[in-house]
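Please open the model in your viewer and keep the sequence panel beside it. The tour below moves from one selection to the next and says what can be found at each stop.

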Amino acid sequence: MTLDAAVLETIKWNEQGLIPAIVQNAQTRDVLMMAFMNADSLQRTLELGQAVFWSRRRGELWRKGETSGNTLALKEIRIDCDADTLLLLVEPAGPTCHTNAESCFFRDLNEFIAEPKRY
């Protein structure tokens, strides 16, 4: 699948040409991670069927699992109502987080608050 100009113009990229991408397990619906994508990483994701993101720190594309083997097989991409955030539904091959946790969202914010509140 190739992205045409009309699709690319529909997406509301930020000033750096990026869009946040929430990654969710297609089967369990657990939120796994958040990363940024640019037009090139979105196109590569569609071509490869594997999640490819833009590293703001390194200034380059990176395919999730390139070194760890913990890849994210693409099942579906959705865009939110404002066209400023993507949702990637994936099938993970192993843990998603670099800490070896299934999800990057494994810490409770209360761990960092002096007087934690319960909701």
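Begin by selecting glutamate 47, which is partly exposed, with a relative accessible area of 47%; as you look, bear in mind that the model is a predicted one. Add arginine 44 to the selection, and you have the partner with which glutamate 47 forms a salt bridge, the closest N and O atoms being 3.2 Å apart. Arginine 44 also counts as partly exposed, at 36% relative accessibility. The two residues are 3 residues apart in helix H2, and therefore about one helical turn separates them. In general, an α-helix has 3.6 residues a turn, so residues three or four places apart point the same way.

Next, widen the selection to the whole of helix H2, residues 39–48, and look for Ser41, Leu42, Gln43 and Thr45, which are buried. To see what covers these buried residues, show the strands as well, including S2 (31–37), S3 (52–55) and S4 (60–63), together with S5 (72–79) and S6 (86–92).

Now go to the two ends of the helix. At the start of H2, select asparagine 38 and aspartate 40, where a side-chain oxygen of asparagine 38 reaches to within 3.1 Å of the backbone nitrogen of aspartate 40. At the other end, H2 is followed by glycine 49, and the phi of this glycine is positive, near 70°.

Move on to glutamine 50, which lies in the loop between H2 and S3. Which residue does the side chain of glutamine 50 meet in a polar contact of 3.4 Å? Select threonine 71, whose side chain is the one joined to glutamine 50 in this way. If residues up to four places away in sequence are left aside, glutamine 50 touches Arg44, which you met at the salt bridge, and Thr45, as well as Arg63, Thr71, Leu72, Ala73 and Leu74.

Finally, turn to further salt bridges, of which the structure holds 4. One of them is found by selecting arginine 58 and glutamate 60, with the closest N and O atoms 3.1 Å apart; arginine 58 counts as partly exposed at 39% relative accessibility, and glutamate 60 is partly exposed, with a relative accessible area of 39%. For another, select arginine 78 and glutamate 76, where the closest N and O atoms are 2.8 Å apart. Here arginine 78 is partly exposed, with a relative accessible area of 39%, and glutamate 76 is partly exposed as well, with a relative accessible area of 34%.

Technical notes
Residues are numbered from 1 along each chain as its sequence is written. This is a predicted model: local features need pLDDT of at least 70, side-chain atom pairs count only at pLDDT 80 or more; totals for chains, interfaces and linings use all residues. Side-chain values use heavy atoms; hydrogens and water are left out. Buried means under 20% relative accessible area, exposed over 50%, partly exposed in between (1.4 Å probe, protein chains only). Helices (H or I, at least four residues) and strands (E, at least two) are DSSP runs, numbered from the N terminus. Contact means heavy atoms within 4.5 Å. A polar contact is a pair of N or O atoms within 3.5 Å; within protein, one must be able to donate a hydrogen and the other to accept it, and residues adjacent in sequence count only if both atoms are side-chain atoms. A salt bridge is a side-chain nitrogen of Lys or Arg within 4 Å of a carboxyl oxygen of Asp or Glu.
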